[in-house]
Amino acid sequence: MLEIGGVPVTEIAAEYGTPLYIYDAGLMRDRYMALREALPAFEVFFSMKANPSLSLIGFLRTLGAGAEIASGGELFLAGEAGYDPLDIVFAGPGKTDRELEESVLAGIFAVNVETLRELSRLGRIAELLSLPAR
């Protein structure tokens with residue numbers, strides 16, 4: 001019988017219905033800790049575009065993972081999950097002025113710029129807000 005976290009999947013399906021997604025927090029914790037042990041000199045960031053589930057990203061935050069975001073929506077979710085802004089990095093192309101502004105206002109750790117034009121836009125926005133852009 002298929003089990004997740006020691007609980008038969010049939011019991012989970014009977015309680016919550018189908019279709020559903022099931023994540024094994026114990027397995028996720030074990031894999032995260034193995035990664036941390038294998039790479040002790042590095043910080044680990046979860047790319048929220050892989051799975052923006054609020055419960056999942058909140059759980060990873062409790063383990064110590066940072067959040068790598070790719071949109072303003074993901075910045076909002078990271079905040080809802082309780083991430084400290086200094087544990088958030090914004091990567092990816094096509095950032096809007098609004099997303100750059102929200103990132104500066106939130107005080108996130110870093111915005112990875114993709115072009116000189118984007119760097120200029122970020123600098124202009126930070127100057128208008130009188131806040132640093134990292």
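**Exercise 1.** In this predicted model, determine whether Glu114 is buried, partly exposed or exposed, and establish which residue forms a salt bridge with Glu114.

*Solution.* Begin with accessibility: Glu114 has a relative accessible area of 43%, and because the partly exposed class lies between 20% and 50%, Glu114 is partly exposed. Next, look for the partner, which is Lys95, with the closest N and O atoms 3.9 Å apart. This pair links distant parts of the chain, since Lys95 lies in the loop between strand 5 (88–90) and helix 5 (97–106), while Glu114 lies in the loop between strand 6 (110–111) and helix 6 (116–129), 19 residues apart. Lys95 itself counts as buried, at 3% relative accessibility. Finally, widen the view: Lys95, Glu114 and Glu118 are linked in a network of salt bridges, and the charged end of Lys95 also sits over the ring of Phe90, 5.4 Å from its centre.

**Exercise 2.** Work out where in the chain the salt-bridge partners Glu68 and Lys49 lie, and assign each to an accessibility class.

*Solution.* The side chains of Glu68 and Lys49 meet at 3.9 Å, N to O, and the pair links distant parts of the chain, with Glu68 in strand 4 (residues 66–69) and Lys49 in the loop between strand 3 (45–47) and helix 3 (54–63). Glu68 counts as buried at 13% relative accessibility, whereas Lys49, at 53%, is exposed.

**Exercise 3.** Describe how the salt bridge between Arg98 and Glu102 is placed in the chain.

*Solution.* Both residues lie in helix 5, 4 residues apart, about one turn of the helix, and their side chains meet at 3.0 Å, N to O. Arg98 is exposed at 63% relative accessibility, while Glu102 is partly exposed at 27%.

Key:
Residues numbered from 1 in each chain as written. Predicted model: local features only at pLDDT ≥ 70, side-chain atom pairs only at ≥ 80, totals over all residues. Heavy atoms only, no water. Lys NZ or Arg CZ within 6 Å of the ring centre and 35° of its normal. Salt bridge = Lys/Arg side-chain N within 4 Å of Asp/Glu carboxyl O. Helix = DSSP H or I, 4+ residues; strand = E, 2+ residues; numbered from the N terminus. Buried < 20%, exposed > 50% of the residue type's maximum accessible area, 1.4 Å probe, protein only.
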